[in-house]
Amino acid sequence: SLGMRKKGFTLIELLVVITIIGILGAWFYNRKLLIVFLVVMAVVILVQCMIGVAGIVALTQIPRFTNAAWDYSSNSTKVFMQNKFECCGYFNATDRPYASTCTPGGETRGCESFVVGLLQRSAIIVVVSVGLCTLLQLITTAATLALVIRIRAVQVRYAKLNMDDPISLIY
């Protein structure tokens, strides 16, 4: 959003910059750039894991959040929910229904189970998606670490050859 833009980098922009650093480091076999990439990725992965844990904990709080949100919902939102899920009120027909859609002797099921179920399913999709992205980042970080180690081994070998026998570089 525009408000987020004024505050600096968004997460996507940060990941693009990190990715460019990693690509340049790999392309030019530059250990320093690759190490910067590794350190920043480690921090990003750590933050993602912390957010993921907080998200999983928040999953258990969805019923409480939706109960409070029902009180602050506009009448048009309540009408939409009650029509969409064919329910009345939050817990049942007598619990905070919007009068124009709940008729006496009509639907007595509350909307709570539908709303909570929908939010929990959506939250699980987000958690799994973030988990898969984090797994991909871990694989990328492991591959980068292997590349850094390989570059170092080649540098050590080259330096040793250079100091031992400069003629061996010709052959």
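## Buried or not?

Let's start with a word we'll need: a residue is called buried when its relative accessible area is under 20%, exposed when that value is over 50%, and partly exposed in between. Cys87 has a relative accessible area of 4%, so Cys87 is buried. Keep in mind that what you're looking at is a predicted model.

## The whole chain

So what is this chain built from? It has six helices and zero strands. Walk along the sequence and you meet the pattern α-α-α-α-α-α.

How much of the chain is tucked away? Of its 171 residues, 21% count as buried. The chain exposes about 12100 Å², and carbon and sulfur atoms supply 71% of that area. There's also a number for contacts across the sequence: take the contacts between residues at least 6 apart, and 49% of them join residues at least 24 apart.

## The disulfide

Searching the whole structure turns up one disulfide. Its partners are Cys87 and Cys111, with sulfur atoms 1.8 Å apart. That falls within the 2.5 Å cut-off, so the pair counts as a disulfide. Where do the two cysteines sit? Cys87 and Cys111 both lie in the loop between helix 5 (75–85) and helix 6 (112–164), so the disulfide ties together parts that are 24 residues apart in sequence.

The bond has a handedness, too: the torsion about the S-S bond of Cys87 and Cys111 is about 95°, so this disulfide is right-handed.

## Four cysteines, by accessibility

Now back to our opening word. Cys87, at 4%, is buried, and its partner Cys111 is buried as well, with a relative accessibility of 0%.

What about Cys49 and Cys133? Cys49 comes out at 39%, which makes it partly exposed. Cys133 has a relative accessibility of 47%, and that also counts as partly exposed. Both values lie between the 20% and 50% cut-offs, so neither residue gets the label buried or exposed.

## A look at helix 3

Helix 3 takes in residues 31–59, which is 29 residues. Does the length add up on paper or fall short? At 1.5 Å a residue, helix 3 should span 42 Å, and its end C-alpha atoms are 41 Å apart, so the two values agree.

At the start of helix 3, Asn30 makes a contact you can look for: one of its side-chain oxygens comes to within 3.0 Å of the backbone nitrogen of Lys32. Further along, which residues of helix 3 are buried? They are Leu34, Phe37, Leu38, Met41, Val44, Ile45, Gln48 and Leu59.

Methods: Residues are numbered from 1 along each chain as its sequence is written. This is a predicted model: local features need pLDDT of at least 70, side-chain atom pairs count only at pLDDT 80 or more; totals for chains, interfaces and linings use all residues. Side-chain values use heavy atoms; hydrogens and water are left out. Helices (H or I, at least four residues) and strands (E, at least two) are DSSP runs, numbered from the N terminus. Buried means under 20% relative accessible area, exposed over 50%, partly exposed in between (1.4 Å probe, protein chains only). The expected span of a helix is 1.5 Å times one less than its number of residues. A polar contact is a pair of N or O atoms within 3.5 Å; within protein, one must be able to donate a hydrogen and the other to accept it, and residues adjacent in sequence count only if both atoms are side-chain atoms. Contact means heavy atoms within 4.5 Å. Accessible areas come from the Shrake-Rupley method with a 1.4 Å probe; for residues, only the protein chains shown count as cover.
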